[in-house]
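Please look over the sequence and the structure shown here, and then follow the text below as it leads from the overall picture to individual residues.

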Amino acid sequence: MNGVNNISAQNQIISQNLLREKNLFNSLILQSGSKQVDQPKGKLLATYDPVTSLMVSAVDTGKDVRNFVKAIATGKSDDTSLGRMNDVGLKIGGLGIASYLATKRVTSTAKGMEFVGFAAFMAAMTLWPKIFINFPMYLKHGFHIDQKYQDSNGKKKDFSLDNQYRPLDLWKAEEIDAIADKNHIDKDIKDRRELTENWIYKTSLQGKTLATLTAGIAVPLATSMVCSAAEKKLIDFNINRAVEKATAGLENMGKTLAKPLDKNTSKAFEAILSEYKAKPLDGNFYSRLGELFNPLGVIKNEIDGDSIKLISGMNYEQSSKNTAEAIKEVAERAIERFNAAQAVKTQNAESVTSGLVSLLGDKLKIRGGISDTSATTVLDAEKLKGILGNGDLNAQKVLKILKARNVTVEDGDLKAAIEGIFGGTEGQMKEVVKAIRGYAAKDLKEARLTTGALGRFANALAGKRAESVYTRGYNGISSAFTDRMNPSMEQMRRFIDTSRITDEIKTTKSLITRIKELLRPVAKKAGEKEPEKECKTAEEFVIRQIKKIAEWKNDKKPEDSVDYFIKNIKKHLDEMDKFDRPALSGMKKFTDTLATLKDDSIRTAMSNFIRRSRVSNDGTAMRLFAALDLEKRLLSTSVRQNYSQKVIKTAQDIIYRATTITSAESLLVSKGDPEVYKQALKLLFGDKIDKEVKGAMGGELGDLFKDFKNFRAKMLSLYNRQIIDNTEDAVSLGEPIINLFKKGCKKKYNTTKWMQIFGAATVGIIGITLLAQFFIGKSKKEQELYKNKGAKNAV
Amino acid sequence: MAKTAAVNNSINLAQPSPQSGYIAQKKNPHLANEDHIIKKTPLLGARVTIDKLKNNIFYYAPKGMSGSVNSNFYEYLSMGLIPYITGSATLIALFNAANKLYAHQDKVAAKFPGAQMGAGVVLYAVGKWLGNKLINKGVHAQTGIDMDMPYKKIVNELPSYPGDKNTTVEELHRVYESVDFPRWDLLNKMGEEKGNRYEYYDKIAKKMGYKEQLNSPDQEVQPKIKEVVTKAVAAKSISSFLWAATGVALAAQKPFGYILNYDNKAMSLAGKLAAFPKKLGSALVESAKTLFTGENLEGIMGKKAGIIGKTLIFATLASTAFGIINACAGFKAKKTNGKVVIDPKKEVIEG
């Protein structure tokens, strides 16, 4: 049947052809050829504005998809449509790449940037020739080299797509003439229109070739420039959105709680619980629970026993049964463990001593001297008690003390023995907390429960590794300060690069530096100031630069003033302030929702976490102000006379470098003479604040000034006490200025270096592209030929 | 027989002519002046690419920049290779060129994504090529239609200056590069050289399942070829980019971040080159595994990465399989009761 059909279809076509030929013949004979047989339907298309053109291209992409489906289904298509399908494929492939790479990125900004990069690349491909070639050429020559037309089959094409297929009949004669006029083609040339048409194609070809030659370099460069500009915006957007979302999460907590566990989760949950009915809980238990849900997302950034406290603080009566009950069971087991740990958490020296002696007997040894070879003797109970002292002891503390005094155990593990005395709880506790934290970190994003919502909120506001309001604040302070210090590239490289030796730096001086050095004697004669001596260390440099700011007078740049320095950093503190209010209200909503919390420990822990992060940022900023205040006051002779050089040096040491590890019980050790140390503290935090600094902070009533005063008072007491026994105090010291500066330098150096290379390359390629257009569209020679020989002979 | 043509453009800039050294038509010298199908040899594709690249730089681009009237669409399409190469180089440079200038720790850290980017660019190109090739090969095996069948085109240009005698240049095309105008004439000519105009169509008709020789096989075969080619080209336009995406996804796996790191730092360049294929092979295998499972750089399973990775792999393989099957579906002559219902002796008028 089909074969026959084919043939009859053939016959049908043939008979149609015959009919058409007959009609054509008739029309030619009868209507004396005055009418065209097939009226061409092609037309030039309007040039759209960017928005319309975007819409048109979206519609066209829709058509491409339709054509694709048709081509796949029927095998019928044409070259133009098939060519356009390639663009659809390019977009699908690009989206595939962006989607996949996004899964490999950690922060939402990095994820988002994969898509931004893809979109920017696509846009750059279209816009590069449009902006830097077609548009300038339009201004110069009066026509669009990418002018679109629609052919008789309804296909859209560039009129200059094929240099040897020229649909010039679509242009009106006047349009050609107008272009000729604009481009000063001699009016007395006989074949002026033909010359102009040829010239239009020649110019278009040149422009298109230029686009082809430059696009490969320009498109990736332009994309990277767009991306580095967009990234900052995207970070801001993501941070703000995360805070908003987390706040909404707190508000909707009631609803989230009411969600029942799905079937699979509850089945798996029951399986784990029944397995552990008789067994003691171990890390594995918590890990497996973490696979199911993350009840403790909140404690991601918490440490030690606080984590367990959080669980004991939970009350689930408010929530719906399924999910909450599941969590309750986990919590109860954890509480059980916690209580056991709590019960034997601390002991006194007496009980520890008797425990150790009974456990180890005379295996317990103490080394007499400092050196490794000095003789060891058996440690008796009295001496041990003396070493341990009077305070409350926990396993960690005991271990630390004994180690410091060279106490060892013959054929045994001191640590295990001590933990044995403390009921082994510390070690187990750690294991539990570690396990909980392990899955909490892994699954934080998928936290489904109340505490998860709170954790997300805290993270959005104060998360350290995530993009958060306070991380942004810290980065802002860091880069504002580094910019103000105004280090050169050469200096930054030296300050951050610990791997290079000094000699090598000398050999890698830039050419300009070398020339400057060569010219120095000449310049000196000409009356130029001797250049500043190069600072050897970052510390020297920072002190010198802060001093310069302190010395500022009206005749210098306003950016180097005390006022500018303080306000520029205050900006970032203010930005964080803006988010503190929603933070407080978010917290309140949380408490309101879970009104029956046994105690407020979850909220307390979280607000502690948030506050600590904020205090740390404030400390960092205040420390900068304190340094400036110190240098400012040191300018006065009376201050310099009141304090010895040693005191001043110690004060600078403290403000630029002093640090403590951010855990409890770290000491701020004073070096040398206690009297000097005391004097230094007075100079730093005790004396009256400099007037100009005070003014820049808004005077007596300024919030910043009040904060600064509080900061100084706190520092004075902390440094005087020399003991820091909680995390919040530790972080309130702020980051040492030298560390802050070095970190800032590292960032600035890399970014600047990258920009120096690729920013210059981008400017270069734009320059070349624009410059090349001066050589496009020259027509003098052709005009001469046309004049002399006429169109037919001119080639 | 590759005829050279020293063509000067309108501003009389002397330029070398395109050389097409890969074809020698010794048997039929008269063909040298006409378009004709040429025999495919191994590595022809690679040689054509290198040749095109050479011509792009020394011939087509200067011709285009000077606005030569002889610059044609083939040359314009040929030049499409330039942004691919410069673009790849720029992308690699963006992620690598500044690295050695960074501070020490960052230098080390930047090396990893830099290597992945480099591998990504290369594997994108390889993936795209492979995606096209696989469908071409599949369709060729099923139908006998070789979409890569090359022909040499002799182009007569306008003289570039009065009295210019050297006006022919050679171009290398594919018979089926246009579905609107496949070069049936060249297929006919190829047959005529051997005394049977329809030789090619007979071959395809046989593949279609016609046991007897058809009277006018071109009538039957030509529309079928168009259909197959159209379907295949459409499928390739999506499939090749999926292959390219899979290539990039492979490059984003851990092994490719270390692809240029050698344990033995003192190894000579020759030693490194010798060890590279093995390293590359194991990197590809390892990467394919982690792309499938979704394991991330720290060895932790990423749920989303696994889902998208699997989807990508399946979509890529499926697009190739579908492309081949769909292109060949309907190619076979339909049979009724095992017998082809067609009257091969029936006379038709050639239209």
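**From the whole chain to its parts**

Chain A has 795 residues, and 45% of them count as buried in this model, which is predicted. Its secondary structure comes to 32 helices and eight strands. If one takes the contacts in chain A between residues with a separation of 6 or more, 75% of them join residues that are 24 or more positions apart. The area that chain A exposes is about 42,500 Å², and carbon and sulfur atoms supply 56% of that area.

We can now turn to the interior. The largest nonpolar core has 83 residues, and those with the most contacts inside this core are Phe481(A), Phe565(A), Ile566(A) and Phe625(A). Helix 24 of chain A, which covers residues 601-634, gives the core its largest share, namely 11 residues. Apart from this core lies another one, of 37 residues, which includes Ala71(A) as well as Trp184(B), Ile225(B) and Phe331(B).

Phe481(A) is a useful residue to follow further. When its neighbours within four places in sequence are left aside, Phe481(A) is in contact with Val542(A), Ile546(A), Phe565(A), Leu624(A), Ile737(A), Leu740(A) and Phe741(A). Phe481(A) also belongs to one aromatic cluster, together with Phe495(A), Phe541(A), Phe565(A) and Phe741(A).

Aromatic rings deserve a closer look, and the count over all chains comes to 22 aromatic pairs. One of them is formed by Trp754(A) and Phe758(A), whose rings are 5.1 Å apart from centre to centre, with 45° between the planes, and this pair is tilted. Why are Trp754(A) and Phe758(A) separated by about one helical turn? The two residues are four residues apart in helix 31 of chain A (residues 737-772), and therefore about one helical turn lies between them. In general, an α-helix has 3.6 residues a turn, so residues three or four places apart point the same way. Trp754(A) counts as buried because its relative accessibility is 16%, and Phe758(A) counts as buried because its relative accessibility is 4%.

A pair in chain B, that of Tyr60(B) and Tyr74(B), is edge-to-face, with 6.3 Å from centre to centre and 80° between the planes. Tyr60(B) lies in helix 1 (residues 44-65) of chain B, whereas Tyr74(B) lies in helix 2 (residues 73-78) of chain B, so this pair ties together parts that are 14 residues apart in sequence. Tyr60(B) counts as buried, with a relative accessibility of 2%, and Tyr74(B) is buried as well, with a relative accessible area of 12%.

Staying with chain B, we come to helix 5 (residues 184-193), in which Trp184(B), Leu186(B), Leu187(B), Asn188(B), Lys189(B) and Gly191(B) are buried. Against which elements do the buried residues of helix 5 of chain B pack? They pack against strand 1 (36-37), strand 2 (150-156), helix 6 (199-208) and helix 7 (217-251) of chain B. Helix 5 of chain B is followed by Gly195(B), which has a positive phi, near 90°.

Finally, we can move to the surface of chain A, where Phe135(A), Tyr138(A) and Leu139(A) make a nonpolar patch of about 290 Å². Tyr138(A) has its place in helix 4 of chain A, which covers residues 108-141. With a relative accessible area of 32%, Tyr138(A) is partly exposed.

Key: Residues numbered from 1 in each chain as written. Chains lettered and ligands numbered in written order. Predicted model: local features only at pLDDT ≥ 70, side-chain atom pairs only at ≥ 80, totals over all residues. Heavy atoms only, no water. Core = buried A, V, L, I, M, F, W, Y, C linked by side-chain atoms within 4.5 Å. Buried < 20%, exposed > 50% of the residue type's maximum accessible area, 1.4 Å probe, protein only. Contact = heavy atoms within 4.5 Å. Patch = residues over 30% accessible without salt bridge, like charges linked within 9 Å, V, L, I, M, F, W, Y side chains within 5 Å. Areas by Shrake-Rupley, 256 points an atom, 1.4 Å probe, with all protein chains shown as cover. Salt bridge = Lys/Arg side-chain N within 4 Å of Asp/Glu carboxyl O. Phe/Tyr/Trp six-rings, centres within 6.5 Å; stacked < 30°, edge-to-face > 60°.
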